[in-house]
Amino acid sequence: MKKYIFCILFAFAVTACIYPYDAEISGEAPDRLVVSGDILIGDKSRIDLGYVMPLNSNTDLVKKTPPTGTVTVENDQGLQFRGVLSRPGSFIVDTSEAQEDANYRLVIKLTDGREFNTPWSAVNEAPVITDLSYKTDEDNLRIYCSLDGGDSIQNFTWDYEEVWEYHAYFKPDLLYVDGKYEIRIGFSDYYYCWNSRNSLEPTLVSSEALSENRIEENNFLTIPRSDTRISYLYSIKLKASGLTAPAMAYMRNLKTLSDDTGGLFTPTPSEMRGNVSCVTNPDEQVVGYVSVCKRAAKRIFIDATYVYKPPIKPESLLFYPEPDEDGNYDLDGCFMLNSPVSCDDDEPDSTNVKWGPKRCVDCRAWGGTKTKPAWWPNDDE
Amino acid sequence: MQRLVTVLLILLGTVCSAQSPVYRGRVIPDYDFSFNGHYFWYTPEFRPGTLCYNGTVYQDVNMNVNSHTQEVLVKQTQAEPPVALDGNLLPWFEQDGIYYVNLRLAGVEAAPEGFFQVLYDGQQTCYCQRRKLFARDPGNHDGVRGIGYNDPNYREDVISYFHQQDNYFAIRKGKFKKIHPGKRKRASLMADYLPEQANVVTDTVRFVSSAGKPVQGKAPEDLPAGWFATESPSATRQALLDALEQDKLIANYRNKTYEIGTVRVSEGPVKVSGTVRDVATGEVLGGVLVSDAAERIFSYTGADGTYVLTLPLGDNVLKFREYTKEDMDIRVIVKDAGVLDVVMREKVTALKSAYVSANSMAEHRRTAMGLEEINSSTVTHIPSVFGEGDVLKAVLTLPGVKSVGEASSGFNVRGGSADQNLILFNGGTIYNPSHLFGIFSAFNTDIVDGIELYKSSIPVEYGGRISSVLDISSRDGNPERIRGSVGLGLLTSHIALDGPIIKNKTTFVLGGRTTYSDWLLKRLPADSGYSGGKASFSDVNLGVTHHFDDRNSLKLTGYWSRDGFSFRGDTTFRYSNVDAALKWNHKWGEGNNLDVTAGYDRYSNTLEDNSPANAIGAYSLATLIQQGFTRATAKLKTGNHNITFGGDAVFYALDPGTLSPFGERSKVVPSQLAREMGVEPSVYAGDLWQPVNSPFSIDAGIRYSSFLVLSPFKYYGSPEFRIGSKYTPLPNLSVKAGFNTMTQYIHLISNTSAISPIDSWRLCGADIKPQYGYQAAGGVYWTVFGNALDISLEGYYKRSYNYLDYKSGAVLVMNDHLADDLVTTTGRAYGVELMLRKQTGRLTGWVSYTWSRAFLKEMEDRGVETINGGDWYNAPFDKPHDFKLVGNYKFTHRYSLSVNVDYSTGRPVTVPVGQYYYGDALRLLFSERNAHRIPDYFRLDLALNIEPGHYLKALTHMSATIGCYNVTGRKNPYSVFYTTNGGKVVQGYMVSVFATQVPYLSLNLKF
């Protein structure tokens, strides 16, 4: 952040301060296994395996070349929970029935013979989510959480899932599909849709310096009031865990290395060792820190009807059709509100009334689906 | 200027006359450079005349007038060299029927100094003063008539000549007024005064010769009654010369040989001491080289202007050299120990010697190596960003001095870290020497007098850091009159005021600087994204010096600075330096000196984080260093020995972290790390053994430094050795070697490349050990081309131990167990520095190339956690190739062009070498520590300096600098970094602080 300070000071004299740069670092990346995910007691655990790839390789490729093998969660009482491959490199371990008063570790056996594990760890308690609420101001809707770590939790981490229902702009009377007019008075098949998103990375907050192990009114998410997510009905689920101090340090460093380097006063980057080690070759370095923890969750719904500020007036999208060079009209997928013709007319006058684009009546055009979550609280379809 | 040229170098006061100097010298030619025309009033020929000198009228004296210096010159015969008379004893003279008067001596205080022709028609009087101003004119061969412009034998393209300027004055209604130089008006006025000659006013000489003689018994009414009377004892030319030889008069130093001591003692050598002052201001001059004729025996004047030399008995010549002053050579006959005070004048006209040979040959005189000296005038001629003369940036142009970036606060000397440099300002320690994160240095060049950087041989009186010492001193105030200066730059302005509180006893100097960047930022448009930012700094310097007598003086200095800056209002940094010191200087015996200093230093910084997203966690984090110190250093000179001894003690109280809630909603618990306290007492003694006429000299010393941690109690102590030697087989060739050991008891805790405002300092204790190190160095120094070019080659090897680096993921703030997050490293640095320095002529400057390396290695084996596997790794400031060029070319006295070139290898950085998905976010894997480098650094700066004109009697003098920083507009990277843009796409970026040309204009006004 502070790297901008120079620009601030001398913006009038210095044209710019930060430029894209390619260090042209070539060659192979270090051959390191990446293990990400936590053992969630009382929930399903997701463990992802991957490799470090060269810096200049395609990011899709990075995702698509996972190692193969098995992933198992073991406890010190002899129980094993075998992971199931959900997609390449990603294992789901059902630890929802795992007991809390045991020590756990992760064991990874790759098909190339290498074996990795984490040290035995006790289960970290979960904080209590005491509040999950929102406030609005002129431009944004801000979502806040409050957590109580009790006596034992000083390091908090959470991520969230967002689900929202939204609708198309209009329910039309006349559609133009595949070269034909289709009269559908009050058409609403694609009026309601649902979409979802997960937080990309966890939030990390510590109460180390605070008088109590409580996080109060942390504004962890801000949504512009013109965002489609809060156009109708919005839901967010917060999932919070407690971390040990070493795990917190590792995760913070991981985030710092990727997002907060290069400034004048930012620390010089330096890799930390995780808690995954290679059993078959102790000198082999592994990326990743696997915590053993419980997780608290809380969901709220926000009726955003009165919060939403549409970025445009839907009516502004309507248009009078313009013929192309051949005198034809390209109206495929378009619609007409309040058809001016009777149902008996075969050829309505398409040029003297306003038409609208398909995306105004088909909510799927905005990225969502018609798949409604089973727990959704209304009857929209 | 009149004052400069007429007073010249008068040996000060009664001391000299008490020495009963004889007078048998000769005038040294004033001008050692080629010029066209001449500087005499009419003709170079010496003609007979009559003059009144020191109350006696002498007739038939061979004489002439130097119109440039306004001096009357006399000769015994035409073949002999002329002798200059003291204008303060010469009220009038007459030659060829023309009368000349010194109006100042006639009580006309408003008149310029010098001599005036009397233009008198028997009723009214006016006066003409002819001045010959030195001028230079490049390429113009069609110049003014009558001064030899088209001399075919003149080889230089730049024509130098004396430009004639006649000014007319009259006294009307009791006021001395200049008659306007407009020809028409002057002619009119002359016609009014002398109507019968109105048509020939352009030839005033002939006119005066016939009509300007005073009427017998009726002197011009402007002059005192009997002004030209000859009742005074009348004498001949020979009588004058006899009088001069008997030295009944105070005369120009250049004409004299001084006796030191009255009765010749049987054995030498003896001590000669004295004080050197500026003739115009009366200020003492530090750093003046005083040497004998062979330059085997020499000394530098201290900050109080005093020097001591041990000279053999008999005839000798004392040379006085200083950058900005005219070279001065004084003939002496040493009979016994004595005092010789001198004054030096500023170099104002002799362009060829604008930067004279003060430091030329200096390396052959001193035993110490690795000592760099810069004076404030050099600093102001080095182009710097935004035109603000910058002490630290000037230091960075020296070989062996590097920084991690062009806007970083600290600097690195010969492979040492930034915290290993002791930065002293008037004896007080400056912990953060920069403003605005390193863009400006914390020192006001209006106030700074001398800058000394010790990068190899460190005198025994300095200690506490293991790499270098940067000693900066402020100047004293003018003892005669109030002076001041005001400077305006693009972002900053500064003001300085100095003068007497009690004339010639107590002086003060006061300076201040501030910036208006804050004001500018507030006016940036909101959509620029910068309008919420704040950045400002200020500093104030105060110095008061009181001279009780010739042997005792007391100097009080104070310094205060503050910085504050924030980014869009959510994170604010503040830091402040406060220093106060009181220094008593006492001299006794022959050149013995005692300095006793006591002072207090304070450095505080604060970080306030009040991000609106986290009002509950808003906090203020502060650190504080306070130290009190006392130091007593005595310097004795006995025979060939220059002995230094003394002791010092520093008391530290550090508050390494105080956390407080910020804002009403904050739930941050106030907490404070335990205060660290310690005392660092040291004693030291050293001897510079420098036999007269011997090519060898040795400087050896020992310093015993110790450190007491007060809670919990812990004691450290170690001897430090300082040894230097010099062998000078030829006057212009020296070979030196030196060895130093140093110890440091305070550490800067940082995991950033540059000194950051949030870094904290920690004292060593039970779990943090002192840093110590040694340096071995050797060098060859060769002066060639008639002392015009100094060539030096120095090599060094350094080791350091217990330098603190940090573990990966270390938490360095508010950490009760800080030592657990730190690692101790050993350092290794070596290098070779080649430097060519030219200090005379129109082109001055230096060019240097340094090849050096600096490495660190963790001292402890922590298995896989060991930094870079326990191997040596590049120190953050390891920049192997370093080329620097600093040059100044003077076209004329007023105009000069400065150039600065800086090239260095890019500094080491840790960069990502791989990428991976961690969960759903893209992450980066970084290389071993400092395994890669940012691109090389190159910068060219140019500046045109315009100095004040010659007219030094003007009330104000304006100088200006027009320049451009980074002329080529190269985007030099400060750092490179990669982000994943919130875990999505890897993108590399480069931060460039000054990514384009930065033009600037700065104005300085002196009054």
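**Exercise 1. How many residues does α3(A) have, and how far does α3(A) reach from its first C-alpha to its last?**

Conventions come first. The model is predicted; local features need pLDDT of at least 70, side-chain atom pairs count only at pLDDT 80 or more, and totals for chains, interfaces and linings use all residues. Residues are numbered from 1 along each chain as its sequence is written, while chains are lettered from A and ligands numbered from 1 in the order in which they are written.

Step 1. Helices (H or I, at least four residues) and strands (E, at least two) are DSSP runs, numbered from the N terminus. Chain A has 3 helices and 26 strands.

Step 2. Helix α3(A) has 15 residues and reaches 21 Å, close to the 21 Å expected at 1.5 Å a residue. The expected span is 1.5 Å times one less than the number of residues.

**Exercise 2. Identify the buried residues of α3(A) and what covers them.**

Step 1. A residue is buried if 20 or more other C-beta atoms lie within 10 Å of its own, exposed if 12 or fewer, and partly exposed in between, with C-beta atoms placed from the backbone. In chain A, 38% of the 381 residues count as buried.

Step 2. In α3(A), the buried residues are Ala247(A), Met248(A), Ala249(A), Tyr250(A), Met251(A), Leu254(A), Leu257(A) and Ser258(A).

Step 3. Their cover includes β14 (155-167), β18 (203-206) and β20 (233-243) of chain A, together with β54 (912-918), β55 (921-926) and β59 (975-979) of chain B.

**Exercise 3. Locate the largest nonpolar core with respect to the domains of chain A.**

Step 1. A nonpolar core is a set of buried Ala, Val, Leu, Ile, Met, Phe, Trp, Tyr and Cys residues joined through C-beta atoms within 7 Å. The largest one has 103 residues, and those with the most contacts inside it are Val34(A), Val35(A), Ile39(A), Tyr916(B), Leu925(B) and Val976(B).

Step 2. Helix α3 (residues 245-259) of chain A supplies the largest share of this core, 7 residues.

Step 3. Domain 1 (2-123 + 246-290) and domain 2 (128-244 + 295-381) of chain A both give residues to this core, so it lies between them. The domain bounds come from an automatic or database domain assignment.

Step 4. Apart from this core lies another, of 52 residues, with Leu392(B), Leu424(B), Ile472(B) and Ile746(B) among them.

**Exercise 4. Describe the surroundings of Asp76(A).**

Step 1. Asp76(A) lies in the loop between β6 (69-75) and β7 (80-82) of chain A.

Step 2. Why is Asp76(A) exposed or buried? With 12 other C-beta atoms within 10 Å, Asp76(A) is exposed.

Step 3. Two residues are in contact if their C-beta atoms, placed from the backbone, lie within 7 Å. Not counting residues up to four places away in sequence, Asp76(A) touches Ala102(A), Asn103(A) and Trp120(A).

Step 4. Ser121(A) is 45 residues from Asp76(A) along the chain, and their C-alpha atoms are separated by 9.4 Å.

**Exercise 5. Determine the strand order and edges of the sheet that contains β13(A).**

Step 1. Two strands pair if DSSP finds at least two bridges between them. The 3 strands form an open sheet in the order β12-β13-β19 (chain A), with antiparallel pairing.

Step 2. At the edges stand β12 (128-136) and β19 (214-224) of chain A, each with a single partner strand, so one side of each is left without a neighbour in the sheet.

Step 3. Strand β13 (residues 140-148) of chain A is joined to β19(A) by 8 bridges. Within this pairing, Tyr144(A) stands opposite Asn219(A).

**Exercise 6. Trace the bridge partners of Leu834(B).**

Step 1. Strand β47 (residues 789-806) and strand β48 (residues 822-838) of chain B pair in the antiparallel sense over 17 bridges. Here Leu834(B) in β48(B) is the bridge partner of Leu793(B).

Step 2. Strand β49 (residues 843-858) of chain B is joined to β48(B) by 14 bridges, and these strands run antiparallel. In β49(B), Tyr849(B) stands opposite Leu834(B).

Step 3. The hairpin of β48(B) and β49(B) has 4 residues between the strands, and Gly841(B) takes a positive phi near 90°.
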